[in-house]
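Please take a moment with the sequence and the structure before reading on. The paragraphs that follow go from one place to another, and each can be checked against the picture.

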Amino acid sequence: MRLDRVDERIIAILGADARMSFAEIGGQVGLSPSAVKRRVDRLVESGAVRGFTVVVEPQAVGWTTEAFIELYCRARTSPGEIRTGLSAYPEITSACTVTGEADAIVQVRARDTRHLEEVIERIGAEPFVVRTKSTLVLSRLVDQPILAGSAENRT
């Protein structure tokens, strides 16, 4: 699906506040509420918008430690095998295959460093993992959704 500037603005507005009404969105993009609803329905049907969710602040619920773990896997480990092995970890917020020396990188949230250490040990014990390399996050500098700011910057 090809997005026009209005679609991009609607997505940015929803990204900032998915509870905003179609009338409020329409006021910002110059469309009627029913036209906004039709566009949002089309964005959902096409897969451009996968859903609407609550964004939880990890620190507010006690998950104050964040790290990135590089995974070095045994030869011929498929992305599907990595996905299957990691899907049971509630501490993993994202995982990607990557270029470079590591085979994958995993973003982890934990209650504290002891909890993080336990997670790293469990991940390292997965049969497809040869070794791990961890980097602890000290502070987040930028944390924004796709198209963030485009609702304000586009006319």
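## A pocket, its salt bridges and a surface patch

Strand β2 gives the most to the lining of the second largest pocket, with 5 residues. This is a predicted model, and the pocket is a convenient place to enter it. About 170 Å³ of space lies in this second largest pocket. Its lining is made by P79, I82, R83, L86, S87, I92, S94, A95, C96, T97 and A104, and the two elements that each supply at least two of these residues are α4, spanning 79–86, and β2, spanning 92–97. What is the character of the lining residues of the second largest pocket, in terms of nonpolar, polar and charged? They divide into 7 nonpolar, 3 polar and 1 charged.

From the pocket we can turn to the charged side chains that pair with one another. By the rule applied here, the count comes to 9 salt bridges in the model, and three of them are followed below.

One of them joins R42 and D7, whose closest N and O atoms are 3.2 Å apart. R42 lies in helix α3 and D7 in helix α1, which covers residues 5–16, so the pair ties together parts that are 35 residues apart in sequence. In space, D7 and R42 are 9.8 Å apart when the distance is taken from C-alpha to C-alpha. The two partners can also be described by their exposure: R42 is partly exposed, with a relative accessible area of 34%, whereas D7 counts as buried because its relative accessibility is 1%, and buried means under 20%.

A second pair brings the strands into view. E66 forms a salt bridge with R109, and here the closest N and O atoms are 3.6 Å apart. This pair links distant parts of the chain, with E66 in strand β1 and R109 in strand β3, residues 104–110, so that 43 residues separate them. Are E66 and R109 buried or exposed? E66 counts as buried at 5% relative accessibility, and R109 counts as buried at 14%.

A third pair involves the stretch of chain that leads into β2. The side chains of R122 and E91 meet in a salt bridge, at 3.1 Å from N to O. R122 lies in helix α5, residues 113–124, and E91 in the loop between α4 and β2, so the pair ties together parts that are 31 residues apart in sequence. R122 counts as partly exposed, at 36% relative accessibility, while E91 is buried, with a relative accessible area of 5%. Returning to the first pair, we find that D7 and R42 belong to a wider arrangement, for salt bridges that share partners join D4, D7, R39 and R42 into one network.

The last stop is on the surface. A nonpolar patch of about 290 Å² is made there by V54, V56 and V61. Where does V54 lie along the chain? V54 lies in the loop between α3, residues 33–46, and β1, residues 65–73. With a relative accessible area of 67%, V54 is exposed, because exposed means over 50%.

Taken together, these stops can be traced once more on the picture: the pocket lined in part by α4 and β2, the salt bridge between R42 and D7, the one between E66 and R109, the one between R122 and E91, and finally the nonpolar surface patch of V54, V56 and V61.

Technical notes. Residues are numbered from 1 along each chain as its sequence is written. This is a predicted model: local features need pLDDT of at least 70, side-chain atom pairs count only at pLDDT 80 or more; totals for chains, interfaces and linings use all residues. Side-chain values use heavy atoms; hydrogens and water are left out. Patches are made of residues with over 30% relative accessible area and no salt bridge: like charges are joined within 9 Å, nonpolar side chains (Val, Leu, Ile, Met, Phe, Trp, Tyr) within 5 Å. Accessible areas come from the Shrake-Rupley method with a 1.4 Å probe; for residues, only the protein chains shown count as cover. A salt bridge is a side-chain nitrogen of Lys or Arg within 4 Å of a carboxyl oxygen of Asp or Glu. Helices (H or I, at least four residues) and strands (E, at least two) are DSSP runs, numbered from the N terminus. Buried means under 20% relative accessible area, exposed over 50%, partly exposed in between (1.4 Å probe, protein chains only). On a 1 Å grid over the protein atoms alone, a cavity is a set of points where a 1.4 Å probe fits but cannot get out, and a pocket is an open set with protein on both sides within 12 Å along at least five of seven lines; lining residues have an atom within 4 Å of a point. Grid points are joined across faces, edges and corners, and a volume is the space filled by probe spheres set on the points. Ala, Val, Leu, Ile, Met, Phe, Trp, Tyr, Cys and Pro count as nonpolar, Asp, Glu, Lys and Arg as charged, and the others, Gly among them, as polar.
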